[in-house]
Amino acid sequence: MFDKNLSNSFFAEPYSSEPLAKRIREVLNGKVGFYSVGLYPASLAYNCALQNEGFNILLAPRDGRELFGAFSDIDLSKMDNGIKNKIESMAISNEDKSGRYNTLKDLLINCELVVLSSNSKHIITDLDLAFKLKKELNRDNVLIACLVGSFCHDHNLNESFVLCEKLNKLAFFSGFHRHGALRNPLDSFTANFCHPDAMNAILGAKLLNKISPNIQVSAGIHNVEGQYIKAAKNISSIFAGFGHTFHKNNPGLLPTLLTLLLDQCLDQAAYVSMSRTDREDLYSKQPFSITELGYSVQRIEASYIKDGDFVQVRDHTFTQLKAMVADVRGSMMLPVSGNPTRNFQAGQVLAEKMIEYKRCPKGVDEFIEWCERSGLKRGALEGINSLNYWPNILRKYSIPLNNSSMINLLYMCILGPIEIKNCIYNVMSSSRELANYCQESVKSLKSKKISEALDNFHLKTSVDFVTKSLTDEDKLFFEFNEIGFDDPLGAQNMPIYNKVIDYMETYLLESNL
């Protein structure tokens, strides 16, 4: 697909005796280009035109697309015509008098930073073209970034992945925003611009920070983790929309649901971080410490004891990127005014239809049909795109099921086999069942073994398991014992949420073989 270590920097690599001061000045005085103008870049352009006389961004719509095509007729009717004219001027080439729109080639010639704004359907093709054009135009030091918010998939290898992990030096730009807020002259939002080289990250952030006084962009180095968070957040936002709508009369449930969705999203990204082939270099081979970018400490790691030693299992350093974490939180909130995110709206549709039909969707196609009938465009629902590849992602990054149980439940609701759908519906529709699922599904295998043994303490096998677990000095019995606590009467009376947990463990583990 790509050369993983393909150069993508403002500078000739490595840093050399080239006139660095001159190059830094060129970058700081440069423009930002957005290729493939969907709702987000067009809204950013609106904010820029609203706030600034000088234009720091250029736009290039995808061939055959309208510049304002992402906006509804209602939104367009509310826009100031003078602002729309300014946006039009950002997209028109000055190279000739034909008044044609800019192309990707124009952006690479005239900008120092080019953001490929395409979604997962086009991003790989666009990246390939961008790097080819950079070489042809002798513009190797134009930095390429993306903001795609879903997982990608290689159908030949049947492998799903985070794009920034495939192309290590691809920059990633993300922050929480509501598209309507970007057209509000008083509202503002924060974002992170991430590149694995700290100097590139800080220069890219400064460029983006100049496009409008309402937009505050901070630098970070965690491009892979940032993109994973965006993709997982878009799935989690669907569940949040479902929870806010289906369980609006159960105020005690929602904080638990939203806390788990946030925590698991970050925990999963921490596992992904450990799989980075450049993880050590990320911290040790920088032009300066990442604390100079705003990280409070150099590294945050989670460990557990194995064979008497601490083993590092998760890297949480990226959680210091406040805008990334705010993006997850904000995407799961029902706003006081305006509309929630589009994935949140998809979750609202899911809840409304499950209330109406008293069942889960028959499959992803029916869910998409529900969304489209409610006015949501298929191309905007990146959370559904990512959900399609969820079992592959669990396998690819070795994410434990107890750290992904909320997305697992949503996956089974929409894409799971028909024989479990009734049980899934019962869990998702009952406040008590869902609360119990939230509590039990996050337990590790070892914790569940102990709990199950105590629930069946009338059985000799359970008594033996607990006593040996407590008295076995090397703990090997506890770690490797696969004993079951078969109790036919207990199995018959097993709560529905436990049946769902057991089924999912078998189904998703088999899917990951």
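# Reading one predicted chain, feature by feature

Reader: Let's start with E510: buried or exposed, and what's the number behind the label?

Author: E510 is exposed, with a relative accessible area of 53%. The labels go like this: buried means under 20% relative accessible area, exposed means over 50%, and partly exposed is in between, using a 1.4 Å probe and protein chains only. E510 sits in helix α24, residues 496-511. The C-alpha atoms of E510 and P391 are separated by 9.6 Å, with the two positions 119 residues apart along the chain.

Reader: And the ground rules for the model?

Author: This is a predicted model, so local features need pLDDT of at least 70 and side-chain atom pairs count only at pLDDT 80 or more, while totals for chains, interfaces and linings use all residues. Residues are numbered from 1 along each chain as its sequence is written, and side-chain values use heavy atoms, with hydrogens and water left out.

Reader: Zooming out, how many helices and strands does the chain have?

Author: Both come from DSSP runs numbered from the N terminus: H or I of at least four residues for a helix, E of at least two for a strand. Here the chain has 24 helices and 11 strands. Of its 513 residues, 54% count as buried.

Reader: What share of the contacts links residues 24 or more positions apart?

Author: Contact means heavy atoms within 4.5 Å. Take the contacts with a separation of 6 or more: residues 24 or more positions apart account for 73% of them.

Reader: How do I check a helix span, say for α2?

Author: The expected span is 1.5 Å times one less than the number of residues. Helix α2, residues 39-51, has 13 residues and reaches 18 Å from its first C-alpha to its last, close to the 18 Å expected. It is mostly covered, with 11 of its 13 residues buried; among them are L39, Y40, P41 and L44.

Author: Helix α8, residues 198-209, passes the check as well: its 12 residues reach 16 Å, close to the 16 Å expected. In α8, 9 of the 12 residues are buried, including M199, L203 and L207.

Reader: What covers the buried residues of α13?

Author: The cover includes α9 (223-246), α12 (322-331), α14, α15 (382-388), α17 and α18. The buried residues of α13 include F344, V349, L350 and M354. As for its span, α13 has 16 residues and reaches 22 Å, close to the 22 Å expected.

Reader: What does the backbone do just after α13?

Author: K358 takes a positive phi of about 55° there, in a residue other than glycine. K358 is found in the loop between α13 (342-357) and α14 (364-373), and is exposed at 59% relative accessible area. S398 also has a positive phi, about 50°, although it is not a glycine. Its loop runs between α16 (390-396) and α17 (405-415), and S398 counts as exposed at 55% relative accessibility.

Reader: At what angle do α18 and α19 pack?

Author: Axes are lines fitted to C-alpha atoms, for helices over the stretch in contact, and angles run from 0 to 180 degrees between N-to-C directions. Under 35 degrees counts as roughly parallel, over 145 as roughly antiparallel, 65 to 115 as roughly perpendicular and the rest as oblique. Helices α18 (residues 421-429) and α19 (residues 431-440) pack at about 95°, with axes 5 Å apart, so they are roughly perpendicular to each other. N426, V427, M428 and S429 in α18 meet S431, E433, L434 and Y437 in α19.

Reader: How many disulfides does the count come to?

Author: A disulfide is a pair of cysteine sulfur atoms within 2.5 Å, and by this rule the count comes to 0. Take C360: its closest cysteine sulfur is in C413, 3.7 Å away, which is too far for a bond. C360 counts as buried at 5% relative accessibility, and C413 is buried at 0%.

Reader: One loop residue to finish: which residues does F68 contact, beyond its neighbours within four places in sequence?

Author: F68 is in contact with L76, K84, I87 and E88. F68 is found in the loop between β2 (57-60) and α3 (73-78), yet it counts as buried at 15% relative accessibility. The C-alpha atoms of F68 and I87, 19 residues apart along the chain, are separated by 9.3 Å.
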